[in-house]
Amino acid sequence: MIITAGKFKGQKITAPDESITRPTLSKVRMSIFNTLQSMIDFEGSSFLDMFAGSGIMGLEALSRGFSNACAIEKNSKAFQIIKANFKRFSPPPELIKGDSLKVVPTLQKNFDVIYIDPPYFSGIYEESLDAVKNISNGVVILEHIIDIEFKDFESIKQKKYGNKLITFLRKN
């Protein structure tokens, strides 16, 4: 996988085996960050990737000018790969090992952008949105293929890529 833009543009990172994660395609990452750029100023902003997988979203955020990024990953193999990837960048995103649904409520800071991309059929989309409602300062991005109830949030933009939806939300 390659970082698509910014100061780390063109840098390769290692992705975990696809049986463990489902990396977000480069064209989708580019679209997400281009859309975000029209919504917020990246400088001084913070980014949280709740289900980090390869860690690419946090690296893309820092590469494009976010002041800080945090990635949470539960899977031990994926966590080790992310850790090795992050060591190559300065500053690296913060990396937390654990279950996002348990970690997020313990975080002592708010985030300007929160990216939620759990395993598609995990059934934890609504729980994830519930977990972030008290730490979201701005935009929550959901990558999904099934319909989700956005209670406490309003959809401000949605894009479709094949069978995948990227929904941009704000708290009501």
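The sheet in this predicted model is open and has seven strands in the order β3-β2-β1-β4-β5-β7-β6, with mixed pairing, where strands (E, at least two residues) and helices (H or I, at least four) are DSSP runs numbered from the N terminus, and two strands pair if DSSP finds at least two bridges between them. At the edges stand β3 and β6, each with a single partner strand, so one side of each has no neighbour in the sheet. Neighbouring strands are turned by 15 degrees against each other on average, direction ignored, with axes taken as lines fitted to C-alpha atoms, for helices over the stretch in contact, and angles running from 0 to 180 degrees between N-to-C directions.

On the numbers themselves, residues count from 1 along each chain as its sequence is written, and side-chain values use heavy atoms, without hydrogens and water. Local features need pLDDT of at least 70 and side-chain atom pairs 80 or more, whereas totals for chains, interfaces and linings use all residues.

Turning to helix α3, residues 76–86, its buried residues (under 20% relative accessible area, with exposed over 50% and partly exposed in between, 1.4 Å probe, protein chains only) are A78, F79, I82, N85 and F86. Seen down the axis of α3, these fall within an arc of 125 degrees, so they line one face of the helix, the arc being that of the directions from the helix axis to the C-beta atoms.

Two backbone details remain. S90 and P91 are joined by a cis peptide bond, with omega about -5 degrees, and P91 sits in the loop between α3 and β3. D152, not a glycine, has a positive phi of about 75 degrees.
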